[in-house]
Amino acid sequence: MSSSPFDTDRWQARLDELRAAHHVPGAALAVLAGGRIHELAGGVLHRGTGVEVTTDSVFQSGSIAKVYTATLVMQLVDSGELRLDSRVADVLPGFRVADDEVTKSVTIGRLLSHTSGIAGDFPHDSGRGDDCLARYVAACASVGQDCPPGTVISYSSTGYAILGRIVEVITGQTWDDALRDRLLTPLGLEHSMTLPEEALRFRVAMSHLGELGRDPEPAPVWDMLPRSAGPYGRVLITAADVVRFARMHLDGGTAPDGRRVLSAESAAAMRRRVADCLDGWSFMADGWGHGWALYDWDGVAGYGHDGAAGGQFSYLRVVPGSGVVAALLTNGGGATGLFVDLFQELLGELAGVRMPDVFAPAEEGRPVDVAALAGTYEREGMRIMIGERDGVPRLRVELTGAMAGYSPPMEADLVAVSDTVLAMPGIGPVSAPWLPLVFGTLPDGTPYVYFGMRAAPKIA
């Protein structure tokens, strides 16, 4: 357990100072230390209204929702209704993706650990009805592969929507109801929910968008995700509730009242390393379990997850050896800088770990053999071209297929970090100043590049 006392006034002042420095409109922080949950908040929920963030304010979780869905799946493993090696096709009659072999063979474990290779971004809006996940999964028949299954981690939100549908088929409930009845209610998470109309009961954070280094403006809409995104991107949470959820995992699957929510074996399986990840920057993780992102802080093991949802950014870290859990929820601006600056100090003091710095190249950059990396890389929905201009590495990104209408082609100069890592200036709705492009080789010898922790094999 953490032996350092939690100085609420000091950390509140530090949260406010760093939030202002990084132009984050509002933030909520919850920390489990010394067996107690401490809650802090600062800034505004909406720069247009000036309504203040309070500790009971609700934010969008983004991809932290995936860990909730993984927990539901592991409950079904506990009950004997699923196995990690169960084939999706055996659980979902009629399930199909574009690759026939993947359709036949992909397993629950592959989806949980992002090793299915199924294209990670399939922004299909299947409506607001209770059948939205059934309709979404039916539409997956056209979804291709980012890379072959079982080769490397390639982050797949699509896979988690499929897992959400599996929960529905086995439980006979909608994913939303199953989450409420099987997780939120048993854990007493009274400020957690899935649907926008449920959030109207509470103080809710508005997303903000804008260039880094400036105060962002309120987004045109609060919620940019379809209902089918729930299993991979929308559990609406307070910072304290997400810490309570993580505390159940820290405690081996038991709720504070002693009720068992998840078996100790399944809780351990969720954080047991399944695969390493070459891209240690996009999620600051070097591997993945059956749901949790995994961290190695100079030999100290941890787990957690990050999330992003249209201008809101969330961060969850668990240091099991110290009994420390910390969650930060934000509604825009340079959230990654705030997170790293704050958690380096917070986890350093309370848990004795050193989180890495924000990803960035050295000021002078370094020379790189662009010819060794140049070429065209493609994954479902995205074509990435690496070349050079006047001796400077150059990137062009084109969205393709179902993603084609979302953005025009994008070009940027790159800066070398190493012989296999290039840095791209952060543009668009991101919260970090630089984004990594990490180059590797698939087991069959095909070169690939990680961009947003999605693997894109080289095609030319």
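## Close-up views of a predicted model

**Figure 1. Four strands make an open antiparallel sheet, in the order β13-β14-β15-β16.** As in every view here, the coordinates come from a predicted model. The edges of this sheet are β13 (375–379) and β16 (410–413), each of which pairs on one side only. From one strand to the next, the twist averages 20 degrees. Zoom in on β13 and β14 and you will find antiparallel pairing over five bridges. One residue to pick out there is E378, whose bridge partner in β14 is R383.

**Figure 2. D390 sits in the loop between β14 (382–389) and β15 (392–399).** This loop joins two strands of the sheet shown in the previous view. The backbone deserves a look: D390 is not a glycine, yet its phi is positive, at about 55 degrees. Is D390 buried or exposed? With a relative accessibility of 79%, D390 counts as exposed, because the cut-off for that class is over 50%.

**Figure 3. A second open sheet holds five strands, in the order β17-β18-β19-β20-β21.** Here, too, the pairing is antiparallel. Strands β17 (415–418) and β21 (454–457) form the edges, and each pairs on one side only. If direction is ignored, neighbouring strands of this sheet are turned against each other by 30 degrees on average. At the β17 edge, the partner is strand β18 (residues 421–425), joined in the antiparallel sense over three bridges. Within that pairing, A416 stands opposite L422 of β18.

**Figure 4. Strand β1 (residues 26–33) is mostly covered, with eight of its eight residues buried.** In a regular strand, side chains alternate between the two faces of the sheet. For β1, both faces are covered. On one side lie G26, A28, A30 and L32, and on the other A27, L29, V31 and A33, all of them buried. It is a handy strand to click through residue by residue.

**Figure 5. Strand β1 pairs with β2 and also with β12.** With strand β2 (residues 36–43), β1 shares eight bridges in the antiparallel sense. In that pairing V31 stands opposite H38 of β2. The two strands form a hairpin with two residues between them, and G34 in the turn has a positive phi of about 65 degrees. The pairing of β1 with strand β12 (residues 324–330) is antiparallel as well, over six bridges. There, L32 stands opposite V325 of β12.

**Figure 6. H23 lies in the loop between α1 (8–21) and β1.** This view looks at the stretch of chain leading into the strand of the two previous legends. What is the phi of H23, a residue other than glycine? The value is positive, near 55 degrees. At 24% relative accessible area, H23 is partly exposed, because that class runs between the 20% and 50% limits.

**Figure 7. The second largest pocket holds about 220 Å³ of space.** Its lining consists of 17 residues, and those nearest the centre are R180, L184, S192, M193 and E198. Which helix gives the most to this lining? Helix α8 (residues 175–184) does, with five residues. By residue class, the lining of the pocket divides into six nonpolar, four polar and seven charged.

**Figure 8. A255 is placed in the loop between α11 (239–250) and α12 (264–270).** A255 is buried, with a relative accessible area of 5%, because the limit for burial is under 20%. A helpful distance to check on screen is that to L183: from C-alpha to C-alpha, A255 and L183 are 9.9 Å apart in space, while 72 residues separate them in sequence.

**Figure 9. C132 and C140 are shown here as cysteines without a disulfide.** Why does C132 have no bond to another cysteine? The closest cysteine sulfur, in C140, is 12 Å from the sulfur of C132, which is too far for a bond, because a disulfide needs the two sulfur atoms within 2.5 Å. Seen from the other side of the pair, C140 is in no disulfide either, and the nearest cysteine sulfur is that of C132. By this rule, the count for the model comes to zero disulfides. Both cysteines count as buried: C132 has 3% relative accessibility, and C140 has 0%.

Definitions and conventions. Residues numbered from 1 in each chain as written. Predicted model: local features only at pLDDT ≥ 70, side-chain atom pairs only at ≥ 80, totals over all residues. Heavy atoms only, no water. 1 Å grid on protein atoms, 1.4 Å probe; cavity = no way out; pocket = protein on both sides within 12 Å on 5 of 7 lines; lining within 4 Å. Points joined across faces, edges and corners; volume = space filled by probe spheres on them. Nonpolar A, V, L, I, M, F, W, Y, C, P; charged D, E, K, R; others polar. Pairing = 2+ DSSP bridges. Axes fitted to C-alpha atoms, helices over the stretch in contact; angles between N-to-C directions. Buried < 20%, exposed > 50% of the residue type's maximum accessible area, 1.4 Å probe, protein only.
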